[in-house]
Structure formats: structure tokens, C-alpha cells
Amino acid sequence: MADVESVDFLKNQEGLNDVPLEGEILSPNAGTEGEEQEFNTLDEPVRETIMRDLKAIGIKFWHVLYPKQSKALLKEWDLWGPLILCVFMAIMLQGSSPDSSSSNTKDKGDGGPQFAEVFVIFWVGAVVVTLNTKLLGGNISFFQSICVLGYCVCPLTVALIVCRIILIATQSTLLFIIRFVIVIAAFGWSTFASTAFLADSQPSHRKALAIYPIFLFYFVISWLIISHTHTS
Amino acid sequence: MADVNIDVENFEGQRKVADDLQFQDIPHDAFVNDKGKVQTHTFTDFPPTAESDEEDVYDKTQLIKDESKTGSPSFWTFEYYQQFFDVETKQVLYRIAGSMVPSPRSNYLQTTIRPNPDLYGPFWICTTLVFTTAIAGNMASYLSVEGKDFTWKYDFHKVTFAATAIFSYWWLLPAMLFGFLWWRGSKANYTFLEILCIYGYSLSIYIPISILWVVQFEWLQWILVMVGAVMSGGVLVITLWPAVKDDTKKTAWIVIILIFLCHTSLAVGFKLYFFNAAAPQISTQTSSAPVITKFPTTPHPTSKQQNKKTLVAATNTNLPKYTRSRLKNSTLKRNRVIYKTTKKPM
């Protein structure tokens, strides 16, 4: 009886073992990418890795440009977007340095900030605003907040590009007013987008205290953009 | 046998804590020996759902644990700094409003700042003031040269200068004042944080004033200087008077006058440095102003002195005599450096 049972058991075992054993033993590296993707990114082509990161950055930019209450920016933060924006803005906004060798007093630079100054204002500003939010008791993590603040500079960068294009034409008061309006609109957009993401992390009696530094941060960046009139 | 006896004792003890307490009081010497006493100790480790009679003992041990934890957080933790930001929007607004309007009857410190001095208000007021002064200064110089021949160039380095000046005023003067009060043994016991708070909020009146300074009427600008200095200086003086009034009369008055003078010279210094291109003959000078204000070497001025010397060259040297003599008496070192260099022939 034990033999019969064991034989039956063995038969059942073979039948049971056939299917899963095939799956596990035969193909560790075959195209089961759908299941193995999270664990096997070393084997994928580099292009895929880069595209995945670029896609994440692009999605975040999209969320900033059309801000609605979504957690995508917050959950997976990255600092690529802010870095790209900051470097781009600092390159565009830097004034030319004066030429110390020439004695001609007319061409001594245009008083704009140096690259390093814009860079420092951007990052130190973001850090200070984030520290302020955290000190007031916000429940958002440090890098998440910097990520949001950096990505929300995107509308202001768009405004900078537009202003630069406008600056190609000879200047007049009307064009200045147009530039001014564009920068103000971008400033409002940036502040609105960032408050949509960050405001919920504060208790309600301190919301204004947390939003004011964000407002000031974007205001300073807007002022840098609108003061930039150098056209060389 | 003995164990059975002891168990019975404990069993009774579990029901009647009063007996247990008396048991604990009487035979202290037998504490270690008697297993029963050791048993009663374990009572206190029971969770709070134990009988209500035991809550006293349980609470006492909890208190002992809590006392060691409720000391103020260490200087190196984040929570230490969070206690300085424990304000609400309304409180900050009240404090700003209170710092602008001197009222002799109520002490601003007592009513609005104690017991909760904060650093949020002063820090962001100073930062805002830095940027409004720099921006308004640029706008003022733009408006003053509008219509002239050359193109206006904006001066970003006003920001760095303004930041240095304002933040050092906000920190150095309270430090000096606190040191002085501590040295003289002032009875009012103002902490350093409270003095920082008072000074920070007293700068808040200069924010709207710096925006109004853009309007290019010299008399209006000077009136604004006076109004701002008097009002916020008044609040400062009234608030700080209780700290020095116990001292000798001479010292007290000297300190008060110095405080007021420093505050006023800050305002005057801002006005003269940032907003000084009103007169039309400046146009020839301001055409060289952007030239001189640029640093040929490093992006950041390496020292405050170099900053002032070169930047001051751009300011109006046609100071009316009375301000020059008044500023000679100013005790603020910063101004001394500025106006010394303007004595050189330009």
C-alpha cells in the first residue's frame, strides 16, 4: 500500500514538477523582461537606461507645466531637471565680464551677475526655502522639496528664452512691457505650480509663512530675468 | 513550604496595594532578601491596563523616565532650531505691525514677543529688505538716467553689498548690546534671542520705505528716512529702555542715544548709497558709475572694504554739508569707512 501510494505520489509529483521546473531552470536570461526588469537592469542596453531617466524627467516637466494635484513629482525626486535649468539660466543670465586689459572705460561689462552668482542664488535659495519649510514643521523630505522648487523654475526658463528672442529686435517701451508681462505671467505660473505641490505639507495656520519664501525665491529669479538686457 | 507562604503573601498583595505599600515602607533592610518584595517590584512594570490602584506607582516611574527626556534638545539636532520657528502667520503679522508703531504705554517685547521669540520673522524680513533695496536701487538709478544718451546698465552687486550690510547690522548690534547689558548686569534679563528678534522686526518698516524711495523726489526721500527712523527707532528705544534704566543715568542715556543713532544712520546710509542719483548733474558721473562699480578681478568682492571703496565712488559726492558733518559723528563703523573715502577729491 505504501508502494502504491508512493508511486501515485511520484506520478503526481512529476506532473506537478514539469511546468514550473521548465520555467525556472531553462531560461534565466531569456526574454522574460516583463518579470525580470527590476532585477536585471545591468543587462539592458544603455540607451534604455538613459531613456528611462529622460522619460522620468520629461514627465516631471509636463507635470509642472500643467500643474494639478499629483504626487509624481514628490514620490520619486531627482535633481537632473533642476540642474539642467539652473545651468541653462546661469549661462544665459551671466553678464559679460569687464575686460581689464583695455583702458577704454566704455566697455566695462554690463553689471550682470556672474555664472557662479546665479548658480549659488538658485541652489542656496532652494536650500534655504526648503530648510524654512522643514523648520516650520512641514512633513516633506529635504530633497523632495528641492526637486519641486527646481522643476517649477521651468516656466521662468521658458520666459527667459522668449525674452531673449524679443531682445533681438531693437528695444522700445512696448517691447519692455511685453517682456515684463511675460515674466510676470511665468512668475505667477511657477509660484502656483510649486504651491500646488508643496502647500499640503504644512498645517493651515502656517501656510502663508511657508509660501512667502517660495514667492520671494521666484521673485528674485524673475527680477534677474527681466533685468537681463544684454544682447551680445 | 516557605515558597508557598510567600506566594500566598504575594497573592494577597496583588489585590491590596495599600498593603503592598506598607510592606515596602517597613522592612527596608530585608529588601533584597525577601523575594516577596522583589515580586512587588514587578508590579510597576505591568502595562497601564493593570488595576487602577497601581497607576500611582506606574506614573512615578514614568515621570522619572520623562524628566530625563524633556530637557531641551541638543544644539546639534534639528529640533533645537525648530523651537525658533514656532510661530503662526497671525503672530508674525502682529509683531511686524507692532514694530512699526511706537506706543509708550505697552512694552512691545512684553506684549508681542515674549514668551515666544522667533527667528522666522527677522530672517525673512532681512532677506526681503536686501532684495527690495537692491531692486529699488536699480530701478531708481534707471529712472534717474532715463532719456539720457547712454544705455543703463544694472548693478547686480548691490545685492551682495546690501546683504552684507543688513545681516551684519542685524547680528552685530544685538551682539554688542547684549554684551553691554550682560557686562553691566542689567536686571531686565533680555536674552540674546529676544534682542535679535526686536532688531529684526524693527527693520521691517524699511521694506515699504525702500520701495517708496524709487520716487525721484529728494524731499520725499528724506521725509521717508525721517519717518522710518523715528518710528522704528522709537519702538527700539521704548523696548530697550527697561534694560538700561537701572544703570547710571549717564550710561543709560548714552546707550539709548547710540541705539537711535545707529538705526538712523542705517536708514541714511541706505538712502545715500542706493538712491542717490536724483540731481541732474549726476548724469556725467553716473555714466562712469557702472564703470567703477564693476570689479575687474573677482566676481565676489574679497573684502567689505574694497567693495565700499569702489562702489562708493559711484555715489553722489555732492553731499550737503550738514549730512556730512552729521555722519562724521555717526558711530557706525561702516559709515565711517564709506564717508572717509568720499573726502578724497573726486
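Buried means under 20% relative accessible area, exposed means over 50%, and partly exposed is anything in between. Keep that handy for the exercises below, and remember that this is a predicted model.

**Exercise 1. Is Trp241(B) buried, exposed or partly exposed, and which surface patch does it join?**

Step 1. Start with the number: Trp241(B) has a relative accessible area of 32%. That value falls between the two cut-offs of 20% and 50%, so Trp241(B) is partly exposed.

Step 2. Now find its place in the chain. Trp241(B) sits in helix H12 of chain B, which covers residues 218–244.

Step 3. Look at its company. Trp241(B) forms a nonpolar surface patch with Trp253(B), Ile254(B), Ile257(B), Leu258(B) and Leu261(B). Together they have about 530 Å² of accessible area. Helix H13 of chain B (residues 249–274) gives the largest share, five residues.

**Exercise 2. What is the fold pattern of chain A, and how much of the chain is buried?**

Step 1. Count the elements: chain A has 10 helices and zero strands. Reading along the sequence, you get α-α-α-α-α-α-α-α-α-α.

Step 2. Check the burial. Of the 232 residues in chain A, 40% are buried. The accessible surface of the chain is about 13,200 Å², and carbon and sulfur atoms own 66% of that.

Step 3. Bring in the record. An unreviewed UniProt entry marks several stretches of chain A as "transmembrane region", including 115–136 and 176–197. In the model, residues 115–136 are 95% helix, with end C-alpha atoms 32 Å apart. Residues 176–197 are 100% helix, and their end C-alpha atoms are 32 Å apart too.

**Exercise 3. Why is helix H7 of chain A called largely enclosed, and how many disulfides does the structure hold?**

Step 1. Take the helix, residues 142–151. Eight of its 10 residues are buried, so the rest of the structure largely encloses it. Among the buried ones are Gln144(A), Cys147(A) and Tyr151(A).

Step 2. Zoom in on Cys147(A). Its relative accessible area is 0%, so it counts as buried.

Step 3. Now the disulfides: the structure holds zero over all chains. For Cys147(A), the nearest cysteine sulfur is that of Cys152(A), 8.7 Å away. A disulfide needs the two sulfurs within 2.5 Å, so Cys147(A) is in no disulfide.

**Exercise 4. How many salt bridges are there over all chains, and which parts does the pair Glu218(B) and Lys271(B) tie together?**

Step 1. Recall the idea: side chains of opposite charge can pair when their charged atoms come close. The count here is four over all chains.

Step 2. Try one in chain A. Lys60(A) and Asp78(A) meet in a salt bridge at 2.5 Å, N to O. Lys60(A) is in helix H3, while Asp78(A) is in the loop between helix H4 and helix H5, 18 residues apart. Lys60(A) is buried at 6% relative accessibility, and Asp78(A) is buried at 13%.

Step 3. Move to chain B, where Asp118(B) and Arg95(B) make a salt bridge at 2.6 Å, N to O. Both Asp118(B) and Arg95(B) are buried.

Step 4. Finish with Glu218(B) and Lys271(B), whose salt bridge is 3.7 Å, N to O. Glu218(B) lies in helix H12 and Lys271(B) in helix H13, so the pair ties together parts 53 residues apart in sequence. Glu218(B) is partly exposed at 34%, whereas Lys271(B) is buried at 0%.

Notes. Residues are numbered from 1 along each chain as its sequence is written. Chains are lettered from A and ligands numbered from 1 in the order in which they are written. This is a predicted model: local features need pLDDT of at least 70, side-chain atom pairs count only at pLDDT 80 or more; totals for chains, interfaces and linings use all residues. Side-chain values use heavy atoms; hydrogens and water are left out. Patches are made of residues with over 30% relative accessible area and no salt bridge: like charges are joined within 9 Å, nonpolar side chains (Val, Leu, Ile, Met, Phe, Trp, Tyr) within 5 Å. Accessible areas come from the Shrake-Rupley method with a 1.4 Å probe; for residues, only the protein chains shown count as cover. A salt bridge is a side-chain nitrogen of Lys or Arg within 4 Å of a carboxyl oxygen of Asp or Glu. Helices (H or I, at least four residues) and strands (E, at least two) are DSSP runs, numbered from the N terminus. Buried means under 20% relative accessible area, exposed over 50%, partly exposed in between (1.4 Å probe, protein chains only). UniProt positions are given in the numbering used here, feature names are shortened, and annotations may be inferred rather than shown by experiment.
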